[in-house]
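I opened my notebook and went through this one step by step. Here is what I looked up, in the order I looked.

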Amino acid sequence: MPSPRLTYCSVTNFLHVGDEYLFLRRSDTKKVDAGRLNGIGGKVEPGEDFLKAALRETQEETGYIILPHQLKLACVGKIDGGYEENWVMCFFTIEVEKKEIPDGFVSEEGTFLWIHKDNVLQSKYEIVDDLKICFPKIAKGGSIFFFQATMNDQEKVAEYSLSEVQP
């Protein structure tokens, strides 16, 4: 039996105006996912649930003030291997009114980019590997889905499974 690994909980938020989605291109100096595109988010802090973390991370990273009713749960996911720790995460979508990011397009985390949902996987930027599988379902909307992936040493998906909850 393998040794137990530390598991973190996190949120990833996909803010959008219509079909344009906000992504963060992580700074090349970051330890996790350096230079890659991801949604807005981070770790769930002690004493927080996933919803509170999603609201906090959105405001901290972008300046958008989001209310709980604006979030839609899209996916609950789990990643094993690849990174130094395992991850359990919730992906949310959040429709915002304007593409003007209150805190600007550059942060200490990286640079923000608006990308049309149809161009995300074909953009010139590398996207975190699990989103190659999950983002099309997130952008499509509809039912909540569950995702589990095993990552290899290059932080690429080696195998995965998806299951859906039918409305």
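Which residue follows H2, and what is the sign of its phi? I found Gly 141 right after the helix, with a positive phi near 80°. A reminder to myself before going on: this is a predicted model.

**Entry: helix H2**

I stayed with H2, which spans residues 129-140. I listed its buried residues: Asp 129, Asp 130, Leu 131, Ile 133, Cys 134, Phe 135, Ile 138 and Ala 139. I noted that two Asp residues, Asp 129 and Asp 130, are on that list. For the spacing I keep a rule of thumb at hand: an α-helix has 3.6 residues a turn, so residues three or four places apart point the same way.

**Entry: the whole chain**

Next I stepped back to the fold. I counted two helices and 10 strands in the chain. Reading along the sequence, I wrote down the order β-β-β-β-α-β-β-β-β-α-β-β.

Then I checked the dimensions. The C-alpha atoms fill a box of roughly 50 × 40 × 35 Å along the principal axes. For 167 residues I would expect a compact globule to have a radius of gyration near 15 Å, and the chain agrees with its 15 Å.

I looked at burial and contacts too. Buried residues make up 46% of the 167. Of the contacts between residues at least 6 apart in sequence, 63% join residues at least 24 apart. The exposed surface comes to about 9,100 Å², and carbon and sulfur atoms supply 52% of it.

**Entry: charges and salt bridges**

I tallied 19 positive and 27 negative side chains. The centres of the two sets lie 2 Å apart. A search of the whole structure gave me 13 salt bridges.

I picked Arg 56 to follow up. One of its partners is Glu 45, with the closest N and O atoms 4.0 Å apart. This pair links distant parts of the chain: Arg 56 sits in helix H1 (residues 50-62), while Glu 45 is in the loop between strand S4 (40-43) and H1, 11 residues away. Are the two partners buried or exposed? Arg 56 counts as buried because its relative accessibility is 19%, under the 20% cut-off. Glu 45 is partly exposed at 39%.

Arg 56 also forms a salt bridge with Glu 60, and here the closest N and O atoms are 3.1 Å apart. Both residues belong to H1 and are four residues apart, about one turn of the helix.

I then looked at Asp 80 and Lys 78, whose closest N and O atoms are 2.8 Å apart in their salt bridge. Asp 80 counts as buried at 18% relative accessibility, whereas Lys 78 is partly exposed at 37%. Elsewhere, salt bridges that share partners join Glu 45, Glu 48, Arg 56, Glu 57 and Glu 60 into one network.

**Entry: Thr 12**

My last lookup was Thr 12, in strand S1 (residues 7-17). What does Thr 12 touch beyond its sequence neighbours up to four places away? I wrote down Asn 38, Gly 39, Ile 40 and Gly 41, and also Cys 90, Phe 91 and Phe 92. With a relative accessibility of 8%, Thr 12 counts as buried.

Key: Residues numbered from 1 in each chain as written. Predicted model: local features only at pLDDT ≥ 70, side-chain atom pairs only at ≥ 80, totals over all residues. Heavy atoms only, no water. Salt bridge = Lys/Arg side-chain N within 4 Å of Asp/Glu carboxyl O. Buried < 20%, exposed > 50% of the residue type's maximum accessible area, 1.4 Å probe, protein only. Rg over C-alpha atoms; globule rule 2.2 N^0.38 Å. Contact = heavy atoms within 4.5 Å. Areas by Shrake-Rupley, 256 points an atom, 1.4 Å probe, with all protein chains shown as cover. Lys, Arg positive; Asp, Glu negative; His and termini not counted. Charge placed at Lys NZ, Arg CZ, Asp CG, Glu CD.
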